[in-house]
Amino acid sequence: MVLEVDEVLKKITAENAQSVLSTQVEKAIELEIDSGNLLAIDTNYLELAQFGEDPEEYLKSLARGNTQLLINEVWKMPVERIQDSYVAKLPAATTTLPREKPIPKEKPMTKWQEFAKLKGIQNKKKSRMVFDEESKTYKPRWGYKRANDDTKEWVIEIPGNVDPMEDQFEKRDTAKKERVAKNELQRLRNIARRKGKKVPGVGELQPNNEKSISEMNTAFHHAKVSTASLGRFEDKLKDEKIAKGKKRKFDPLVQEAGSEKRKQLQMLKEMHKKSSKVNVSKAVNRQMGRQDATSGGIKKGSAGKGKRKDSRRKE
């Protein structure tokens, strides 16, 4: 009985020894190992006979052997213990791996950055926390619960040079919305300048490498007429061409019978189409411009100083 137990134990020990694979793996050609990238390249030929018998088992054994060789190289590196783990210090990688995405292009400078570089203005980083006089504590300079926040005031002093019936809270909110809109417009302009698109309000000169003669002439014309006299007293260049504007077309005073009716009906027909040719945004902006001009004329005029003379002839 004792002999049988000893034989069983020896048999189990032999089976366990066979199941535990060795850490030493022999290869006809040594692997190319890049420890920095944890990369192992096997250039040995495949055993087609073993692969044909059991492909899955053969690939598993091949992957296991190559992984063992890679781990053996890792354990040759300097090792340090951090808490309950051992960490190996990998060397610099020797294999250049391809990038997933192309190298990002350098962003062009914004208008303010170009001006600051030209004038030598250095960007001074401000501290995030500032002292709040009201609460006598330090609070963030911007954002939520910022210091010296005037939007939390429940009373606003009315200046002496404004209309006392004007809502100062609404005026403050409107001013803030205008600042936000101005910043957004400037951001969109910077994006358009980066892509070389036409930016409204800055002429035709774009920040590209080459400028055509027509673009230079247009930019020069915009700069010339930007003075208070619209360029009337500016010196003229040699062979300077006079900029011609668009010629307006007017209908004749005497028209055919029913022509005005046909035009009005045609306009109504275009407006009721699904794909209307009427530029609604342009029409609204033009109307708002007329209203602003009219209101500005009333404010700057002599309204209230005297009675308006009636120009109608009394019969």
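**Figure 1. A positive surface patch brings together Lys246, Arg248, Lys282, Arg286 and Arg290.** Lys and Arg count as positive here and Asp and Glu as negative, with His and the chain ends not counted. Patches are made of residues with over 30% relative accessible area and no salt bridge, joining like charges within 9 Å and nonpolar side chains (Val, Leu, Ile, Met, Phe, Trp, Tyr) within 5 Å. The place of a charge is NZ of Lys, CZ of Arg, CG of Asp or CD of Glu. One of the patch members, lysine 282, sits in helix α8, residues 280–300. This is a predicted model, numbered from 1 along each chain as its sequence is written, where local features need pLDDT of at least 70 and side-chain atom pairs count only at pLDDT 80 or more, while totals for chains, interfaces and linings use all residues. Side-chain values use heavy atoms, leaving out hydrogens and water.

**Figure 2. The whole chain has 8 helices and 6 strands.** Helices (H or I, at least four residues) and strands (E, at least two) are DSSP runs, numbered from the N terminus. Walk along the sequence and you get α-β-β-α-α-β-β-α-β-β-α-α-α-α. Of the 315 residues, 10% are buried. Buried means under 20% relative accessible area, exposed means over 50%, and partly exposed is in between (1.4 Å probe, protein chains only). The accessible surface comes to about 30200 Å², and carbon and sulfur atoms account for 55% of it. Those areas come from the Shrake-Rupley method with a 1.4 Å probe; for residues, only the protein chains shown count as cover. As for contacts between residues at least 6 apart in sequence, 29% join residues at least 24 apart, a contact being heavy atoms within 4.5 Å.

**Figure 3. Lysine 60 pairs up with glutamate 56 in a salt bridge.** Side chains of opposite charge can pair when their charged atoms come close. The term salt bridge is used for a side-chain nitrogen of Lys or Arg within 4 Å of a carboxyl oxygen of Asp or Glu, and the whole structure has 8 of them. In this one, the closest N and O atoms are 3.7 Å apart. The partners are 4 residues apart in helix α3 (residues 55–74), so about one helical turn separates them. Both lysine 60 and glutamate 56 are exposed.

**Figure 4. Two further salt bridges: lysine 89 with glutamate 80, and lysine 136 with glutamate 133.** For lysine 89 and glutamate 80, the closest N and O atoms are 3.9 Å apart. Lysine 89 counts as partly exposed because its relative accessibility is 49%, and glutamate 80, at 35%, is partly exposed too. Between lysine 136 and glutamate 133 the closest N and O atoms are 3.8 Å apart, and both of these residues are exposed.

**Figure 5. Threonine 110 is tucked into the loop between β4 (85–88) and α4 (111–119).** With a relative accessible area of 15%, threonine 110 is buried. Setting aside neighbours within four places in sequence, threonine 110 touches Asn190, Arg193 and Arg194.

**Figure 6. Ile71, Trp75, Val79 and Tyr86 make a nonpolar surface patch.** Together these four have about 450 Å² of accessible area. Tyrosine 86 belongs to strand β4 and counts as exposed because its relative accessibility is 54%.

**Figure 7. Asp163, Glu166, Asp167, Glu170 and Asp173 gather in a negative surface patch.** Aspartate 173 is in helix α5, residues 168–194. At 40% relative accessibility, aspartate 173 is partly exposed.
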